[in-house]
Structure formats: C-alpha cells, structure tokens
Amino acid sequence: MSMSEVDLFVIGGGSGGVRAARIAAGHGAKVMLAEEFRLGGTCVIRGCVPKKLYVYASRFAHDFEESHGFGWSFPQDPTFDWTRLVAAKEREITRLEGLYAKGQAGAGVEVVKSRAVIEDAHHVRLLADDRVVRARNILIATGGAPAMPAFPGSGHAISSNEAFDLAEFPRRVVVAGGGFIAVEFAGIFAGLGAEVTLVHRGDNILRGFDDDLRDAVRDAYLRRGIRLVLGDTIAAIEPGEALRVRTARGQTLIADQALMALGRRPNTAGLGLEKVGVAL
C-alpha cells in the first residue's frame with residue numbers, strides 16, 4: 001500500500017486547524033486535515049455559537065413580560081418547546097459546518113473524518129482505516145475539552161457539551177462553577193424556566209472580571225431567583241428518580257441535571273506526543 005505524503009498534516013478541524021489548513025493550501029502546500037468529530041470546533045459546534053442561540057432564546061421570557069407594559073397582551077401565556085430549540089440549533093451549526101467543509105474543499109485541503117495520532121516526527125496514523133500518512137510538518141490544533149472532576153457519582157453529571165442536546169428540558173438544574181460558562185448556562189436554564197442553583201467555591205462569581213460587574217451580575221441573578229451557593233463545592237451525586245447533589249459543606253440539592261462547568265483542559269490525551277518528545 002503506497003503511503004500518502006503531505007506538506008502539512010493538521011490534527012483538529014476547529015478554528016485554528018481549518019484556518020491554518022486553508023491558508024497553507026492557498027500558498028501551494030499539499031494539506032490533509034483530520035477531524036474525529038465535526039468541523040468547526042468548540043466555538044461552532046458546542047461553544048460560542050450554540051450557547052448564544054440559547055442565550056437569545058432565554059431572553060424572550062423577559063421580553064414577553066416587559067411587553068405588557070407597552071400595550072401587548074397574549075390570548076394565552078407563551079409556551080417554550082426545548083426540542084424545537086435543540087433542532088433549530090442543530091440546523092444552524094450544521095449549516096456552519098457545511099461552510100467550513102466547503103472552504104476546505106475550495107482550498108484543496110483533503111479532510112479525513114478520523115482520529116489521528118502521531119507515530120513519530122513525520123508520520124501520523126489515521127485510526128478510521130489504520131492508514132499512515134507521511135508529513136513534512138504536523139500541526140496540533142486539538143483545542144480543549146471540559147474538565148470533569150472525580151468524586152462519588154460524578155459520572156451522573158454532564159458537561160457543557162451534553163447540555164446542548166438533552167432529550168428533555170431539566171426543570172431543576174445544579175451548575176457547578178463560577179466562570180463565564182457556568183454563569184451563562186445558569187442564566188440560560190433560568191431564563192427558559194428551570195429552577196437553578198449555582199455552586200461555586202469562591203465568595204463571588206466571575207473571578208478575574210471587573211468587581212463592579214461581578215457584583216451587578218450576582219445581584220441580578222439573585223433577583224431572577226437563581227440560588228447561589230458560594231464557598232462550597234459538590235462532593236457527591238446520588239442517582240434516583242432525581243439526582244441528590246451533596247456539597248462539601250453538607251447541603252443536599254435535588255436536581256434533574258448537574259452541570260459541571262469547572263474550566264477546560266487541553267485535548268491532548270492519547271495523541272502520541274510522548275513519541276516525539278513533546279513535554280506537557
């Protein structure tokens with residue numbers, strides 16, 4: 001079997017990977033890009049784009065309420081359908097994914113739907129068909145993944161990845177974390193009608209942001225009915241008809257879903273970096 005040879009092999013079809021592949025191909029390089037999931041990466045597939053669509057959806061509840069003061073009335077209260085939102089999100093990210101694929105094809109990049117691992121400094125193995133490609137240069141553009149903690153019952157929790165595609169809308173949600181991902185998802189679920197509790201180890205949310213902003217968001221969330229459990233962490237989750245989420249300081253929270261939004265880590269596990277002497 002003849003071995004493929006390329007000037008540049010890109011591992012990862014997110015923002016960094018597709019851009020690098022397209023620009024390199026535009027300069028005449030022979031480029032292959034491997035993506036094991038979907039083109040577009042975190043931002044397009046399970047980050048900024050779908051999250052903002054859900055933020056927009058969650059804001060309508062407030063707009064409907066405000067409209068009454070401006071002469072509007074509805075024959076009946078507006079109703080929300082979670083499955084329709086999920087389907088609309090899927091249509092939009094699929095459209096964007098298609099644009100990414102079109103851009104790669106137009107530039108002459110060969111896109112392979114496979115996990116790729118590094119064999120040595122100039123060889124990459126495609127696991128989908130166990131093919132080895134020789135590359136003058138290898139670019140690692142694998143991005144990050146949600147950090148999932150280890151505690152009793154942690155397997156019953158979800159990350160932001162799964163939050164976009166839940167089969168049913170959760171009426172009670174516990175969110176762990178105090179960064180912008182945790183805070184934004186807490187706002188989304190609350191806006192769509194869920195009872196939300198945010199558990200964060202710090203004494204205020206959004207560490208690293210302007211203090212006036214942190215206080216304003218915290219107070220606005222409290223006015224909205226979002227419960228903040230500060231100075232605490234999740235210690236265990238017990239499954240049942242509902243989840244029993246136990247905190248380190250002894251509280252028990254009942255939830256339909258527990259979302260861990262505790263930061264992200266580099267997506268480098270099992271990539272073969274040790275074979276080429278890359279220290280992490």
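Visitor: Where is K51 found, and is K51 buried or exposed?
Guide: In this predicted model, K51 is found in helix 3, which covers residues 48-67. The relative accessible area of K51 is 7%, and because buried means under 20%, K51 in helix 3 counts as buried.

Visitor: Which residues is K51 in contact with, once its neighbours within four places in sequence are left aside?
Guide: K51 has a relative accessible area of 7% and is buried. With its neighbours within four places in sequence set aside, the residues in contact with K51 are F164, F180, I181, E184, F185 and I188.

Visitor: How do helix 1 and helix 4 lie relative to each other, roughly parallel or roughly antiparallel?
Guide: The axes of helix 1 (residues 15-26) and helix 4 (residues 82-107) come within 9 Å and cross at roughly 25 degrees. Since angles under 35 degrees count as roughly parallel, helix 1 is therefore described, with respect to helix 4, as roughly parallel.

Visitor: Is the crossing of helix 1 and helix 4 left-handed or right-handed, and which residues meet there?
Guide: The crossing of helix 1 and helix 4 is left-handed. On the side of helix 1 the residues are V18, A21, R22 and A25, and on the side of helix 4 they meet Y100, G103, Q104 and A107.

Visitor: How do the residues of the contact of helix 1 with helix 4 divide into nonpolar, polar and charged?
Guide: The contact brings V18, A21, R22 and A25 of helix 1 to Y100, G103, Q104 and A107 of helix 4. By class, these residues divide into 5 nonpolar, 2 polar and 1 charged.

Visitor: Which parts of the chain does the salt bridge of R115 with E36 link, and how many residues apart are they?
Guide: R115 forms a salt bridge with E36, in which the closest N and O atoms are 2.9 Å apart. R115 lies in the loop between strand 3 (110-112) and strand 4 (116-120), while E36 lies in the loop between strand 2 (31-34) and helix 2 (41-46), so that the pair links distant parts of the chain. R115 is partly exposed at a relative accessible area of 27%, and E36 is partly exposed at 45%. In sequence, the two partners are 79 residues apart.

Visitor: What phi does D130 have, and with which residue does its side chain meet in a salt bridge?
Guide: D130 is found in the loop between strand 5 (123-126) and strand 6 (131-140), and its relative accessibility of 49% makes it partly exposed. Although D130 is not a glycine, it has a positive phi of about 50 degrees. The side chain of D130 meets, at 2.8 Å from N to O, that of R125.

Visitor: In the salt bridge of D129 and R131, which residue counts as buried?
Guide: The side chains of D129 and R131 meet in a salt bridge at 3.2 Å, N to O. D129 counts as partly exposed at 46% relative accessibility. At 18% relative accessibility, and because buried means under 20%, the residue that counts as buried is R131.

Visitor: What phi does L206 have, and is L206 buried or exposed?
Guide: L206 has its place in the loop between strand 9 (195-200) and helix 7 (211-223). At 5% relative accessibility, L206 counts as buried. Although L206 is not a glycine, its phi is positive, at about 60 degrees.

Conventions
Residues numbered from 1 in each chain as written. Predicted model: local features only at pLDDT ≥ 70, side-chain atom pairs only at ≥ 80, totals over all residues. Heavy atoms only, no water. Axes fitted to C-alpha atoms, helices over the stretch in contact; angles between N-to-C directions. Helix = DSSP H or I, 4+ residues; strand = E, 2+ residues; numbered from the N terminus. Parallel < 35°, antiparallel > 145°, perpendicular 65-115°, else oblique. Left-handed = near helix turned anticlockwise from the far one by under 90°. Contact = heavy atoms within 4.5 Å. Nonpolar A, V, L, I, M, F, W, Y, C, P; charged D, E, K, R; others polar. Salt bridge = Lys/Arg side-chain N within 4 Å of Asp/Glu carboxyl O. Buried < 20%, exposed > 50% of the residue type's maximum accessible area, 1.4 Å probe, protein only.
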